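Good morning, and thank you for coming. I would like to take you through one structure, beginning with its ligands and then turning to the chain itself.

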Amino acid sequence: MASTVLVGTQWGDEGKGKICDLIAPGFDAVVRYQGGNNAGHTIVVNGKKYGLRQIPSGIMYPSCVSIIGNGCVVNPAVVLEEIDMLEADGISTANLKISGNAHIIMPYHIALDGAFEERLGDYLIGTTKRGIGPCYQHKMERIGLRMQDLLDEELFREKLDRALTKANAELELIYGKPTFSADEIAAEYLAYGERLRPYITETGMLLNGLIDEGKSLLFEGAQATLLDIDHGTYPFVTSSNCTAGGAVTGSGVGMKNIDRVLGIMKAYITRVGSGPMPTELDFDTDEDGHTLCEVGAEYGVVTGRRRRCGWFDGPIANYAARVNGLTDIALTKLDVLSSFKTIKICVAYDCDGVRYTSVPEHQRAFEHAVPVYEEVPGWECDITGCRTFDELPQAAKDYVARIEEIARTRVSFVAVGPEREQTIVRSWKPAR
Ligand code: GDP
Ligand code: IMO
Ligand code: MG
């Protein structure tokens, strides 16, 4: 059966949660494969808004198994908060499973994240300060603690002592920050473990069992292509592989089982945190930038930070199509462009005398990228009620066609509002 990876194609917040929630009923399981509670995925059902951070967006459907895979990092307190919030709203979490191999975000990871950012001063990355980077750092250093360790007090204490000796030394000697007590952490985290015991399991085995039964899986990426540790705008990135390849390592499922890669692409572009952004329009001095931000309600789900906004970036779309091997695109927030008389599309960059139609791999070239724009007519009417492609005004159809041309990938969904049903499905067959 067909399994699909859903992936962010820009700098995050493209509407992954919304599209994941829309197509999840066509799948038997939804799997998060990287990232942690740095993600904020919004789902709007019957006017009610849910901001999911770690729990997969398939949770709204009781028959769908929701999996937090081994490639994720998990803050147990936050996941418990999310479970309580959903259950209080009558949304069952009985089908939520958390990989025993997912790493735990510890309080010293959060402290280290903040301390390091402070030290970077003007060069700060602008992280979400949720401890993501230090947690993945400890994973690579092989001193991380994993969800399965919460269920084994002896192992937990042993590993905690080893990691904390190093973390406390760094906090105290490098950053002059308060240190942590192993006893206090153990008491708090082992209690989380007791509550999370029913959810923690061998998810790799579970997923491969589902595949053997002919079931179909949907992998829900967090963050996005340009925040990927390898393919993003390093060092202004997150610490995991957000691109489609991460779905395999982050879940324990073989590549032969995946046959579609759906890229979520905003009709313009946003970014949170530091780093170059060629098509950025200043919020304070550029009227179009101000409009994109306010009409698009571009404020972060996790941190509430205002997102930087800019015109659609074609080289990024082209690059994302290649590095993820996109088979389909979901173009979101097209309605946000409805008030513009004309709309700009960046079709290339000029970088130090060289023209690029995809993202340059060298940091300096990207930093110097000057966008080459094409200006196209806007449609200047409300499209939030459109439910078929034919209902869209011609200028909007042309805009979609131009994006297909630039990304060399078909646009299978067009989203025209935050609600589930505010989506035009053009060419997407459910997996079952
Ligand atoms: P994610 O991180 O990729 O899941 O995206 P976020 O949830 O952080 O940000 C997307 C925001 O846009 C949310 O507030 C969504 O409710 C909203 N949204 C999604 N699709 C559309 C759309 O087509 N039109 C409008 N106006 N809002 C949308
Ligand atoms: P979703 O899944 C947008 C950004 C941060 C920062 C950089 C590193 O909702 O699209 P981190 O805390 O991960 O070490 O921060 O990555 N960032 C996101 N930006 N959407 C996200 O998630 C993000 N997750 C991290 O702003 O620039
Ligand atoms: Mg988000």
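Let me start with a definition: a polar contact here is a pair of N or O atoms within 3.5 Å. With that in mind, consider ligand 1, one of whose oxygen atoms lies 2.7 Å from a backbone N or O atom of Lys-16. I should say at once that this is a predicted model, and that every value I quote is computed from it.

Staying with ligand 1, a polar side-chain atom of Asp-13 is 2.9 Å from an oxygen atom of the ligand. Gly-417 contributes through its backbone, with an N or O atom placed 3.1 Å from a ligand 1 oxygen. How much of ligand 1 does the protein bury? Taken alone, ligand 1 exposes 580 Å², and 93% of that is buried by the protein. The surroundings of ligand 1 comprise 19 residues, of which Lys-16, Gly-17, Gly-40, Thr-42 and Asp-335 come nearest.

I turn now to ligand 2. Here 20 residues surround the ligand, and the closest are Lys-16, His-41, Thr-128, Gln-223 and Thr-238. Lys-16 is thus named among the nearest residues of ligand 1 and also among the closest to ligand 2. As to composition, the shell around ligand 2 consists of seven nonpolar, ten polar and three charged residues.

Which side chains place an N or O atom beside an oxygen of ligand 2? One is that of Thr-128, at 2.5 Å. Another is that of Asn-38, where the separation from a ligand 2 oxygen is 2.9 Å. Gly-126 approaches by its backbone instead, an N or O atom lying 3.3 Å from an oxygen of ligand 2. For ligand 2 taken alone the exposed area is 550 Å², and the protein buries 97% of it.

Let me move to the chain as a whole. Its secondary structure amounts to twelve helices and 21 strands. The radius of gyration is 21 Å, close to the 22 Å that the globule rule gives for 432 residues, so the chain is as compact as a globular protein of that length. Along the principal axes, the C-alpha atoms fill a box of roughly 65 × 50 × 40 Å.

Of the 432 residues, 59% count as buried. The chain exposes about 17400 Å², with carbon and sulfur atoms supplying 50% of that area. Among contacts with a separation of 6 or more, 75% join residues 24 or more positions apart.

Two serines will serve as local examples. The first I have chosen is Ser-99, which is located in strand S7, residues 96–99. Is Ser-99 buried or exposed? Its relative accessibility is 3%, and because the limit for buried is under 20%, Ser-99 counts as buried. Beyond its neighbours within four places in sequence, Ser-99 is in contact with Ile-68, Gly-69, Asn-70, Met-147, Thr-201 and Thr-203.

The other example is Ser-338, found in the loop between strand S16 (328–332) and strand S17 (342–351). At 11% relative accessibility, Ser-338 also counts as buried. What does the side chain of Ser-338 reach? At 3.3 Å, the side chain of Ser-338 reaches the backbone oxygen of Cys-381. Residues up to four places away in sequence aside, Ser-338 touches Trp-379, Glu-380, Cys-381 and Ile-383.

That concludes the presentation, and I welcome your comments.

Technical notes: Residues numbered from 1 in each chain as written. Chains lettered and ligands numbered in written order. Predicted model: local features only at pLDDT ≥ 70, side-chain atom pairs only at ≥ 80, totals over all residues. Heavy atoms only, no water. Near = heavy atom within 4 Å. Polar contact = N/O pair within 3.5 Å; in protein donor to acceptor, adjacent residues only side chain to side chain. Areas by Shrake-Rupley, 256 points an atom, 1.4 Å probe, with all protein chains shown as cover. Nonpolar A, V, L, I, M, F, W, Y, C, P; charged D, E, K, R; others polar. Helix = DSSP H or I, 4+ residues; strand = E, 2+ residues; numbered from the N terminus. Rg over C-alpha atoms; globule rule 2.2 N^0.38 Å. Buried < 20%, exposed > 50% of the residue type's maximum accessible area, 1.4 Å probe, protein only. Contact = heavy atoms within 4.5 Å.
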